[in-house]
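Please look through the sequence and the model shown here before reading on. The paragraphs that follow go from one part to the next, beginning with a question.

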Amino acid sequence: MEITSIGALADNAGSAVILKGWLTNKRVSKGLLFLVLRDGSGIVQCIVNQRDVSSDSWQAASQATQESALEVAGTVVVDARQTGGVELQAIHVSLIHLTRYYPITPKAHGIEFLMDRRHLWLRSRRQWAVMRVRNRVIMSIHEFFQERGFLQMDAPILTGNAVEGTSTLFEIDYFGQTAYLTQSGQLHGEAMAMAFGKIYTFGPTFRAEKSKTRRHLTEFWMVEPEMAFYDLDMNMELAEDFLIRLAADVVRDCRNELELLGRDIAALERVQKPFPRITYTEAVELLKSDRTMALLDARLKILLGERLSLERERADNKAAYGQAKEWKRRRMDARDIEINTRLDEIAEELRNIPAWRKSAREFEWGSDFGGSDETLLTWHFECPIIVHRYPAAVKAFYMERDPEDERLALGMDVLAHEGFGEIIGGGQRTDNLEFLEKQIAVHNLPREAFEWYLDLRRYGSVPHSGFGLGLERTVFWICGLDHVRESIPFPRMLGRIAP
Ligand code: 4AD
Ligand code: MG
């Protein structure tokens, strides 16, 4: 008998194999035990029949608790109704480790409880699905750029200069000198683009974000392509192809994971060329328009309707509970938790809507979009959108100006549809030495720290562009999560540095 993984069982139909894994669930019936085993590659039900196994095996299977580690030998039986299309008829079961009182039980837990036990929570089904999607996205990122002749480079994590403003810098003492954890690999990426033409960096980046939102981490992974001789249009074209590729790969290779997460796959299939491209000025008009207010009214109606039907269902369940059988009650309990969670979300959104409306109505040309503004903008479209030509004042020091309107920067953001908002930020970089020197001064940045960067404008300066895609924001969007914290194994946020 060969040791195999659950993910490979479908190729082993009819054979006897050995699995090693952990127990996630167990059902008991007369003379039968149904062990649901996971090993990271998948999940499978193992049927242990008391008549078919030794008393040692029966005892091991009976003793096994949630998250006990097991070795199970058995025959692979095809059964289309099962996850993965197979189950295992056990021949032998042995305990590798008996777990006592695993803290994360199948009942629902609060988010803080789970976050404190993130090191264990990662074993659960939803987290499994998210991490598999993350892995697929990472592989697709490399494939996409490698196929197009980009050179992968690693930008330093310890740096002497700010990239994206000075308000979110993590400062460190570097042998008596001030240094920072990098906010972005872009500046070093630009140096490499002048050496290699097309490059990408893909590494951890840091922002001391002092607010708690569902989109912000203090440590996140960013992929940043940088291309010599690219203008803003070429940059937007690349960003569009890139996102289409990421969505398509996940839809093709992670269908099970997306289904498990309850993701609307059709929404990902709509990630197709061309993404609507609107200028910042057009976006502001759209945001303030009656059409946005109408979308908010419609949303309000939907939420109120959903709330009413959930409250009815909850009341019906309560009324039927007394008469219900034990198994039915368990299902009702689980549903009750689901309903309450969703009602909390609805209540929160209902509370937010007036503020969203006000922010949109009163939005002034020249400000940066807030999270809710981005959400509202995306509601107007069926796929991601590109917003370009922002006011220079809200963008970074290195941005090229629009020759048609000096107030504007040749920057662009890609906003993911369905309200997820910005996942890509980028643009064309200025290649003019004098202008860049002036911008460094205007932004109050220390000139000495940027001398090397100015060299790129002294020697063979050319138009160039690039962008940064936040990996966690992308996984958050593709998986349809409520919060970006579930898209990285060990999130770092305001107030959270452990586990
Ligand atoms: O828009 P940002 O700040 O752009 C840059 O850093 C440029 N230097 C990138 C470039 O042109 N090479 O950040 C880029 C992306 C955002 O669109 C978002 O996806 C992600 O990085 N991001 C964050 N993700 C999670 N938590 C945060 N605090 C993030 N800040 C930015
Ligand atoms: Mg940005």
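How many of the residues of helix α15 (residues 471-479) are buried? In this predicted model, 9 of the 9 residues of α15 are buried, and the helix is accordingly described as mostly covered. The residues concerned are L471, E472, R473, T474, V475, F476, W477, I478 and C479, a list in which the charged residues E472 and R473 stand beside residues that count as nonpolar, such as L471 and W477. Just after α15, G480 takes a positive phi of about 70°, and the segment that comes after this helix also contains P499, which is joined to A498 by a cis peptide bond with omega of about 0°.

The setting for this helix is a protein with 15 helices and 18 strands, whose C-alpha atoms fill a box of roughly 85 × 50 × 45 Å when taken along the principal axes. Of the 499 residues in the protein, 48% are buried, and the accessible surface comes to about 23800 Å², with 52% of that surface belonging to carbon and sulfur atoms. Among contacts with a separation of 6 or more, 68% are made by residues 24 or more positions apart. The domain assignment gives domain 1 as residues 2-97, domain 2 as two segments, 125-276 and 381-487, and domain 3 as residues 291-360; the C-alpha centres of domain 1 and domain 3 lie 38 Å apart.

A further covered helix is α12 (residues 371-379), in which 7 of the 9 residues are buried, namely S372, D373, E374, T375, L376, L377 and T378. What covers these buried residues includes the helices α9 (280-288), α10 (290-321) and α11 (326-361), together with the strands β14 (385-391), β16 (405-416) and β17.

Strand β17 (421-429) leads on to the ligand, for with 6 residues it gives the most to the shell around ligand 1, while β12 (219-228), β17 and β18 (464-470) each supply at least two residues of that shell. There are 23 residues around the ligand, of which E164, Q186, E224, E422 and I423 come nearest, and by class the shell has 7 nonpolar, 8 polar and 8 charged residues. Three glutamates place polar side-chain atoms beside ligand atoms: that of E209 lies 3.1 Å from a nitrogen atom of ligand 1, that of E224 lies 2.7 Å from a nitrogen atom of the ligand, and that of E422 lies 2.6 Å from an oxygen atom of the ligand. The protein covers 94% of the 630 Å² of accessible area that ligand 1 has on its own.

Two buried residues can be followed outward from this region through their contacts. G185, in the loop between β10 (177-181) and α5 (186-196), has a relative accessible area of 4% and is therefore buried, since the cut-off lies at 20%. Leaving aside neighbours within four places in sequence, G185 is in contact with A155, T201, T205 and E224, the last of which is also one of the residues that come nearest to ligand 1. G185 and A61 are 124 residues apart in sequence and 52 Å apart in space, C-alpha to C-alpha. N235, in helix α6 (residues 232-253), counts as buried because its relative accessibility is 0%; with the same neighbours left aside, its contacts are M227, Y230, M412, G426, G427, S465, G466 and F467.

Some details of the backbone remain to be considered. Most residues other than glycine have a negative phi, and most peptide bonds are trans. Against that background, E67, in the loop between α1 (55-63) and β5 (69-78), has a positive phi near 70°, and F175, in the loop between β9 (170-174) and β10, has a positive phi of about 50° although it is not a glycine. Are these two residues buried or exposed? E67 counts as buried because its relative accessibility is 5%, whereas F175 is exposed, with a relative accessible area of 77%. Finally, the peptide bond from K273 to P274 is cis, with omega near -15°, and P274 is placed in the loop between α8 (265-269) and β13 (277-279).

Definitions and conventions:
Residues numbered from 1 in each chain as written. Chains lettered and ligands numbered in written order. Predicted model: local features only at pLDDT ≥ 70, side-chain atom pairs only at ≥ 80, totals over all residues. Heavy atoms only, no water. Near = heavy atom within 4 Å. Polar contact = N/O pair within 3.5 Å; in protein donor to acceptor, adjacent residues only side chain to side chain. Areas by Shrake-Rupley, 256 points an atom, 1.4 Å probe, with all protein chains shown as cover. Helix = DSSP H or I, 4+ residues; strand = E, 2+ residues; numbered from the N terminus. Domains from an automatic or database assignment. Buried < 20%, exposed > 50% of the residue type's maximum accessible area, 1.4 Å probe, protein only. Contact = heavy atoms within 4.5 Å.
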